Amino acid sequence: MLNRKVTSSLLAVAAVFAANSGAYAQDKTAKIGVLNDQSGLYADITGQGSVLAAQMAVEDSGLTAKGWKIDVLVGDHQNKPDVGVNIARQWYDRDKLDVVVDVPTSSVGLAVANVVKEKNGVYLNSGSGTSDLSNAQCSPNTIHWAYDTYQLANGTGTALTKAGGNTWFFLTADYAFGTALERDTTAAVTAVGGKVVGSVRPPLNTPDFSSFLLQAQTSKAKVIGLANAGGDTINSIKQASEFGIVKGGQKLAGLLMFISDIHALGLPVANGLNLTETFYWDLNDGTRAFSKRFQERAKNKAMPTTVQAGVYSSLIHYFKALDAMGGNSHDGIKVVAKMKEMPTDDALFGKGTIQPNGRKLHPAYLFEVKKPEESKAPWDYYKLVATIPADQAFTPLEKSTCPLLKK
């Protein structure tokens, strides 16, 4: 009698499991939320271009032809953590969102990571720079995709210091990203014998960098590290040119710069700048083919930035994971675990892997901005100086402070 009861219980459990598995396999829906700066100083880096990248990823995934229904929502966080958090919560509570992508501005990015973890969603961040997303504030729901402050620092910072720029002064954006970038670059500079002689913290989106640049100029540092981004980087470089800082012998290091920034500055102002990126439209046949398709559809006819490429690439891998799972469980931890299990491979970043701490690995590239006479066509702005292998570009796993690694 006891054996019959046990057998009946086991059969009941199996039936429930089979029913749940069947429902999961049949659920072929996904909702993507592109959360970024649609109108401010990072709009050219992310903005509508990231929305286009997400739409292209949906189309190229092939899932809709297999009966999937995939929606793309758009939110403007205005570079404010409270706004970003509110949008993310509404998406999960009201719209039953599955995945948040992009999210520039590290203070917003870190805040949204907590919401996604609480809601057990998927967080594919290609917009925020802080390396804390895969280190001290890592999450089982987060994958940090395109770039981070460790990679930027160890690309540009290390290279310039080894080349003789052994004294540094920082212009640092006054929020989480700037702090992380200065911290990581300082570590990279001092590791190869350099020295930091000072820093200042201009407020986000300030129109006037004159007093900050004057302090950098009088420091006599060989390198002025710009630990800022977007419109702030563009304005600080333009005003540095007016001050004659580069002509005076100091070198500007754009620690985070994108192709859109160089386009806005123009080669007469930007030439000679060193920068590190993980994507450039003219790297190879794969990047060129995607970028030309992107440019044809972009409203401003711009080439994609690294962030926009990261949105596309991360979603392509997300869709591969959903396809491999046979449906959407809407369980963020399970989906992210599947993504980590699968090797990454796409035309934009090539072959790669995702570390247990959520850091996506791929090569990084040290570029120098071309002189006007070296550019042969529109958007032909970079010349490759060095390639940094994937296993050297990002924080080594043994040095990561991610709590997930201690379990």
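Which residues are exposed on the other side of helix H13? The points below start there and then move on to the strands, the pockets and one arginine.

1. The exposed residues on that other side of H13 are Lys 334 and Glu 341. Please keep in mind that this is a predicted model, and every value in this note is to be read with that in view.

2. The buried set in H13, a helix that spans residues 332-341, consists of Gly 332, Val 335, Val 336 and Met 339. Their directions span an arc of only 95° around the axis, so these residues sit on the same side of H13. A general point about helices fits here: with 3.6 residues a turn in an α-helix, residues three or four places apart point the same way.

3. What do the buried residues of H13 pack against? Their partners are one helix, H12 (306-325), together with strand E4 (122-125), strand E5 (142-144) and strand E12 (350-354).

4. Strand E12 deserves a paragraph of its own, as a packing partner of H13's buried residues that also pairs with strand E11. E11, residues 344-346, runs antiparallel to E12 over 3 bridges. One bridge joins Asp 346 to Gly 350 of E12. The two strands make a hairpin, with 3 residues between them.

5. E12 also pairs with strand E13 (residues 360-361), again in the antiparallel sense, here over 2 bridges. Ile 354 has Lys 360, in E13, as its bridge partner. The hairpin of E12 and E13 has 5 residues between the strands, and within this hairpin Gly 358 adopts a positive phi near 90°. You may like to look at that glycine in your own viewer.

6. Now to the pockets. The largest pocket has a volume of about 380 Å³. It is lined by 24 residues, and those closest to its centre are Gln 48, Gly 49, Ala 298, Lys 299 and Asn 300. By class, the lining of the largest pocket holds 10 nonpolar, 11 polar and 3 charged residues.

7. Which helix gives the most to the lining of the largest pocket? That is H2, with 6 residues. Helices H2 (47-61), H9 (259-265) and H11 (285-297) each contribute at least two residues to this lining.

8. The second largest pocket encloses about 300 Å³ of space. Its lining comprises 15 residues, and nearest its centre lie Ser 241, Val 246, Lys 247, Val 269 and Asn 271. The lining of the second largest pocket divides into 8 nonpolar, 5 polar and 2 charged residues.

9. Helix H8 (230-243), strand E9 (251-254) and helix H10 (267-270) each bring at least two residues to the lining of the second largest pocket. H10 gives the most, with 3 residues.

10. Finally, Arg 293, which is found in helix H11. Is Arg 293 buried, exposed or partly exposed? Its relative accessibility is 36%, and because that value falls between the 20% and 50% cut-offs, Arg 293 counts as partly exposed. Setting aside neighbours within four places in sequence, Arg 293 is in contact with Met 56, Asp 60 and Tyr 312. As for Thr 395, 102 residues away along the chain, its C-alpha atom is separated from that of Arg 293 by 33 Å.

Note on methods:
Residues numbered from 1 in each chain as written. Predicted model: local features only at pLDDT ≥ 70, side-chain atom pairs only at ≥ 80, totals over all residues. Heavy atoms only, no water. Buried < 20%, exposed > 50% of the residue type's maximum accessible area, 1.4 Å probe, protein only. Helix = DSSP H or I, 4+ residues; strand = E, 2+ residues; numbered from the N terminus. Arc of directions from axis to C-beta. Contact = heavy atoms within 4.5 Å. 1 Å grid on protein atoms, 1.4 Å probe; cavity = no way out; pocket = protein on both sides within 12 Å on 5 of 7 lines; lining within 4 Å. Points joined across faces, edges and corners; volume = space filled by probe spheres on them. Nonpolar A, V, L, I, M, F, W, Y, C, P; charged D, E, K, R; others polar. Pairing = 2+ DSSP bridges.
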